[in-house]
Amino acid sequence: MEPTDYDIDESELDLPTEPMRLAMGPSHPAMHGTIRMMVECDGEMLTKVDVEMGFLHRGFEKMCERGTWAQCFPYTDRLNYVSPMLCNVGFAHAVEKLADIEITERCKWYRVVLGELARITDHLTCNAAMAMELGAFTPFLWMVRAREHIWDLLEEETGARLTHSFARIGGMAKPPTPLLKARLGEVIPAVRSIIDESMKLLLKNRIFLDRMQGVGVMSAAEAVQWGWTGPTLRSTGVAYDVRKAHPYLVYDQLDFDVPVGERGDNYDRYLVRNEEMYQSLRMLEQCVQKMPDDGPINVADRPEIVLPEKKDVYTTIEGTIQHFKLVMEGAKIPAGEVYGFTEGGNGELGFYIVSDGTGTPYRVRIRPPCVFVLQSFPRMIRGHMIADVVPTFGSVNMIGGECDR
Amino acid sequence: MPVIKIDGREIPFEKGDSIIRAADRQGIEIPHYCWHPGLSVAANCRMCLVEVSRPGGRQLMLDVLAWDEEKKAYVPQKKPKLEPACQAECVEGMEVKSDSSPHVALARKSVQELLLVNHPVDCPICDQAGECKLQDYWLENQKTSKRMLDEPVHKPKAVIFGDTIVYDAERCIVCTRCVRFMEEVAGDAVLEKRERGNLSEIVLAAGRKLEGHYTMMVDHVCPVGALTTRDFRFKARVWFLRKSKTICPGCATGCNAWLDYDPRTGEVPRLRPRDNTDVNKYWMCDDGILSHRRVQQDRVTARASAGRTPASRSRRSRRRFRGRPAARRQGQDRLHPLGAARERGQLRPRHPGEEARRQGALRRQAARVGRRRDPARQGPQPEHARRHRGRG
Ligand code: SF4
Ligand code: FES
């Protein structure tokens, strides 16, 4: 959309103007996750944008150095809090890589199921919020309805809607409920039809299209240089997805496509996320077919890392000792360092962890995918108008807990 | 110095050393329960079994039947006869396999399993939990669960051994360290072992109780939670405590001690001996162990000066303490009477002001007593009181 009043020259007197500085955030409804943007504008046009992150600093990495390895899981829930299960699984994945644990087949499928459910909620939230910030409230409510379906299912499985703390080193807190597959059979079609409807609401809407198309463009080459990953990178046309490029869990046994965009603008990011939800639903359908119905969830041969069963804890001294040692001192992860990475909601979610062989992490460093997208925000928005900050910021899907950690 | 080899590593030894002592001096731990550096060798727990070959000597081999997974049958096999490292004496050129031998690993695992067969599920209520050898060695050497599913043997619990010590026969592994301590160090053979096998337990000599100046040490020689002091029992969980090096303030011997304190409250629930062969060896007397009480009793913890509200000293010092960097706060290696406590400003030796306050209190008390005794101030005394005083 071209600014209409840009060339109008009302007076002959050319008054010298100073750029106006405007602070958006940190407490601004559209700056979700508490971000401040200092924008300099010339009229409505942005001449300079300065992104300040760090208002939500929780000290995630430092906190991890205080507890045991298992006590990090609740912290990871609060990284990307719209898809906590993916962070749970990502952290478990990294620690298992360091401790050289091969998790059980059933656990792999279970993690994929819960992870893909979480991915759908992540993308639903992002797209819904993006539309809402453009004034389209109905699509927001519509998509959040789909999210409710998934959260209900996740709650049935894990006991919590959002902060599941469900993954464990070497397995999961609990085995799948007997109803999992039946419930997936209900939830998948319900979510699919809601996504269909929400697309109908938006994709013919002139306002939505005008505000999204051609705004916040990023080229593929530059996106790679900035370190983008995930849906935002794919929207520029680069088909990098950790699940395909470095398959983990059982992603190599699943049939799914990696959608890519063409121009890397807001609209493409929206579409890529939409398509990824369909792909996740496709994977879930395959999981219903292929996931084994019985078998252990936790690895059996690593008693120094995996908690014993509760019935043993309460009735045998060996179980009590094992429980005591693991809870009070923590599982001793072999000394070394490792970078474990998975496809999180926003892209490559990496944990660089260092162990000195004790029950407490020596260092946990996270690679939060949205930091890399957010840092290039000034580059994406330059030359656009103030109002474009909002949908573009929405399409970045900055999650404060993960970005500022 | 002559050397032996343990797992390929050269270990110097002095004449007469056992393998475990030579290893211990070099900081190598061979798992053990009944051996204590300050006591005689009993070699009854069998946890320290190692594979030993002596120069020129032939290794003794035993015929055993071992399960063969492929043949699905027991097949005859040979295995080396293991020896207790706490008893086998070092000789030049001896080669010992400890962690590197599968036979030793199996022996440790089996011994550990047997020791736990009748052990009660007590960790949650046991004061030893967190510093218990049974827990440590289970994780290091066993890692499997029980195979015996029968009801364990039940024995007396919470037996009062004396004014200081409580005994739990179910937790006892009958290593006899406590028996040997009382006999050899305290010189009062008041503890003894009765019965055999599953049924054995430690009892008091007939008609006696555990008394004297060295009773609390039995708690510290006990590798498990069978003996606990009535002083520390149920007072704290050890994983909440931090330790700091200290010297016992009890007498001029200056026994080296560990001061265990609770960083959250600033309390000091116990003092325990710290090895120093030149001063106190491994031991401390009851008075010394209990001196932590004296240091905490009757301290000035509130400030009351004219026109000010009293501020809690302990809360203030705790606040000050909280802001310190973790490395200093742990302060574990500081050597000072009452170590880290001094750093927190709470448990330092008595301040002159505290002494002055006590003296003042004493003076006031004396004055009150004096007043009561002064007949001029109190008027005529009843007859019987005067008679009583006259007699005394
Ligand atoms: S009470 Fe403790 S020291 Fe005494 S024999 Fe039993 S386990 Fe050994
Ligand atoms: S330590 Fe008990 S037998 Fe050697």
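A residue counts as near a molecule if one of its heavy atoms lies within 4 Å of it. Everything in these close-ups comes from a predicted model.

**View 1. The shell around ligand 1.** Here we look at the 14 residues that surround ligand 1. Chain B supplies the closest ones: B:Cys172, B:Cys175, B:Thr176, B:Cys178 and B:Cys222. Sorted by side-chain type, the shell splits into twelve nonpolar residues, one polar and one charged.

**View 2. A salt bridge between A:Arg211 and A:Asp388.** Searching the whole structure turns up 56 salt bridges over all chains, and this pair is one to zoom in on. The closest N and O atoms of A:Arg211 and A:Asp388 are 3.9 Å apart. A:Arg211 sits in helix H7 (residues 206-212) of chain A, while A:Asp388 is in the loop between helix H15 (377-381) and helix H16 (389-396), so the contact ties together parts that are 177 residues apart in sequence. Both A:Arg211 and A:Asp388 are buried.

**View 3. A:Arg234 paired with A:Glu343.** In this salt bridge, the closest N and O atoms are 3.1 Å apart. A:Arg234 belongs to helix H9 (residues 230-235) of chain A and A:Glu343 to strand E6 (residues 336-343) of chain A, so a helix and a strand 109 residues apart in sequence get tied together. As for accessibility, both A:Arg234 and A:Glu343 are buried.

**View 4. The network that includes A:Arg234 and A:Glu343.** Pull back a bit, and A:Arg234 and A:Glu343 turn out to be linked in a network of salt bridges. The other members are A:Glu116, A:Arg119, A:Asp241, A:Arg243 and A:Glu276. As a reminder of the chemistry, side chains of opposite charge can pair when their charged atoms come close.

**View 5. B:Arg194 and B:Glu201 in chain B.** Over in chain B, B:Arg194 forms a salt bridge with B:Glu201, with 3.2 Å between the closest N and O atoms. The two partners fall into separate accessibility classes: B:Arg194 is partly exposed, with a relative accessible area of 38%, whereas B:Glu201 is buried, at 11%.

**View 6. A nonpolar patch on the surface of chain A.** No charges in this one: A:Leu307, A:Val327 and A:Met328 make up a nonpolar surface patch, and together they have about 220 Å² of accessible area. A:Leu307 lies in the loop between helix H11 (266-290) and helix H12 (310-315) of chain A. Its relative accessible area is 39%, so A:Leu307 counts as partly exposed.

Technical notes: Residues numbered from 1 in each chain as written. Chains lettered and ligands numbered in written order. Predicted model: local features only at pLDDT ≥ 70, side-chain atom pairs only at ≥ 80, totals over all residues. Heavy atoms only, no water. Nonpolar A, V, L, I, M, F, W, Y, C, P; charged D, E, K, R; others polar. Salt bridge = Lys/Arg side-chain N within 4 Å of Asp/Glu carboxyl O. Helix = DSSP H or I, 4+ residues; strand = E, 2+ residues; numbered from the N terminus. Buried < 20%, exposed > 50% of the residue type's maximum accessible area, 1.4 Å probe, protein only. Patch = residues over 30% accessible without salt bridge, like charges linked within 9 Å, V, L, I, M, F, W, Y side chains within 5 Å. Areas by Shrake-Rupley, 256 points an atom, 1.4 Å probe, with all protein chains shown as cover.
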